[in-house]
Amino acid sequence: MASTYYLKQLVPLIVVASFLIVNYWLIFIWVPTEINQGLVQKIFYLHIPVAWVSMVAIVVTAIFSFLYLWKRNEKYDQIAYSTAQTGLLFGLMMLVTGMIWAYPVWGTWWTGEAKLTTALILFLIYVAYILFRNFYPPGGKRNRIAAVIALLGAIDTPIIYYAADIWQQNHPPAVIAPTSESAGIASSEIYIVLFFSVITMTLLFTLITSFTYRIQKANNLLEFVKSQKFYANYNN
Amino acid sequence: MMKILKIVWIIAKKDLVTEFRGKDLLISQLVFSILTISIFAVISTSFVGTIDRSVLAGGVFFTALTFSGGISFSRSFSSEYEKGTHITLLVAPIGNEIIYLGKLLANFVFITISALITLPLVAVIFDALQIFSPETILVVLLANLGFAIAGTTYSAIGAGLKSFQLLVTLLFVPSVFPNILAGVQSLQMIIDGQPISEFSQWLAIMAGFIFIFLLASLLMIDLIMEESI
């Protein structure tokens, strides 16, 4: 019985690990190196998928926060929080990989480019969201306000992007490196690998989120048990 | 409608009278702004003669205003919790949105007073006297309203927490980012002598921010201020 349980837990891990192995084989062995940007272009196979997953995380967090406010089902709050935690991890990866790519290609680690700026600000809003959840005493009020913060962050996103985009039009980023962003990325192999990487990262994201969700559920149970113990002591 | 406005004014007046008696918040907000401006002023002395320092004026002004505003807004609802008066406010026969609007009005007055003192300082220190124009009033008032709306909402969120100041500032600063960009760019265009039509899209961003954030805050304020577990 126990062995079936562990087998069930192992299957998703094995699937994601297999996808990761195939993905890295595709990136480093199968796909040809892009002619203009060279080896550094390969970071795109990590950067674009993690950026995609970060954006999905924001949308999922906002949807489940809304559902929590609507239905007041704690499960939705736990999903929103777990997604935000994993999204934050992928957001950090997106910022770091973007900077590693930008330096040799754009000649600078950071520019005022709209997508970069929006990603950074959203990252900071979600850091504040996670911090809030850690600061606030557990309970319905914390969950409710956390959902409000997530929704406010999501509502703010288009305004942040629009403002950053117009700012960029007024202050174009200085691109002083020998290549530019769109140089030569046209091979069909590149798109195949990119597509596979997006699927792999989405699977990895789902797996990590399912882990954080289970940890969150266990934490909530622990908090509940603690509160019951207090109540029992209080009555005695 | 008049009755609602009257109650909003009573709540705002309560905060304003309390603050004008003690002046703690206003003074600390001003000192923080002046400190920020001083730091930028000292750093920018190394650029004297190499760049036109007036290009920094908009950025310095809004940096000072954002951070000092973030700190002072955070106290808006927390002060009620410290005194225990939040219960009185919550049991009063008025909607939470009216309490919110009253606090918002008081915060708007506080940040506008702070802006009135810091703006001339920035203009003088950073050689940006062109900033004294009628358009600046519009830009500063719009930006301040945006700051006050977001600040009051996050103040309600952080109320009752021990580390409310840190948390409110952490939530407030990234959220008002579009407002900061719009304010800085508009002021810079005023300093460059450009007509209002040139920065109308920035004014539209500030107006959009105000509309969306105010609407969202009014819709969700009951969820924030609800006391049930």
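**Exercise 1. Work out how many helices and strands chain B has, and in what order they come.**

Start with the rule: helices are DSSP runs of H or I with at least four residues, strands are runs of E with at least two, and both are numbered from the N terminus. Applied to chain B, this gives ten helices and zero strands. Read from the N terminus on, the order is α-α-α-α-α-α-α-α-α-α. Now turn to chain A, which has six helices and zero strands, in the pattern α-α-α-α-α-α.

A word on conventions before going on: this is a predicted model, in which local features need pLDDT of at least 70 and side-chain atom pairs count only at pLDDT 80 or more, while totals for chains, interfaces and linings use all residues. Residues are numbered from 1 along each chain as its sequence is written, chains are lettered from A and ligands numbered from 1 in the order in which they are written, and side-chain values use heavy atoms, leaving out hydrogens and water.

**Exercise 2. Compare the radius of gyration of chain B with that of a compact globule.**

First, take the radius over C-alpha atoms, and the globule rule as 2.2 Å times the number of residues to the power 0.38. For 229 residues, the rule gives a value near 17 Å; chain B has 18 Å, which agrees. Next, look at the extents: the C-alpha trace of chain B spans about 60 × 35 × 30 Å along its principal axes.

**Exercise 3. Find what share of each chain is buried, and how much surface each exposes.**

Buried means under 20% relative accessible area, exposed over 50%, and partly exposed in between (1.4 Å probe, protein chains only). By this count, 53% of the 229 residues of chain B are buried; in chain A, 45% of the 236 residues are. For the surface, use the Shrake-Rupley method with a 1.4 Å probe, where for residues only the protein chains shown count as cover. Chain B exposes about 9900 Å², with 73% supplied by carbon and sulfur atoms. Chain A comes to about 12400 Å², with 72% belonging to carbon and sulfur.

**Exercise 4. Identify the residues that touch the most other members of the largest nonpolar core.**

Such a core is a set of buried Ala, Val, Leu, Ile, Met, Phe, Trp, Tyr and Cys residues joined through side-chain atoms within 4.5 Å. The largest one holds 112 residues, and A:Y129, B:F147 and B:I157 touch the most other members. Helix α10 (residues 200-225) of chain B gives the most to this core, with 13 residues. To see the surroundings of A:Y129, list its contacts (heavy atoms within 4.5 Å). Leaving aside neighbours within four places in sequence, they include A:T61, A:Y81 and A:I149.

**Exercise 5. Decide whether A:T117, B:L89 and A:Q9 are buried or partly exposed.**

Take A:T117, in helix α4 (residues 114-135) of chain A: its relative accessible area is 12%, so it is buried. Beyond residues up to four places away in sequence, A:T117 touches A:T111, A:G112, A:A164 and, across in chain B, B:F177.

Then B:L89, in helix α5 (residues 86-91) of chain B: at 13% it counts as buried. With the same sequence neighbours set aside, B:L89 touches B:E80, B:I99 and B:K103. The C-alpha atoms of B:L89 and B:I99 are 7.6 Å apart, with their positions ten residues apart in sequence.

Last comes A:Q9, in helix α1 (residues 2-30) of chain A: its value of 25% makes it partly exposed.
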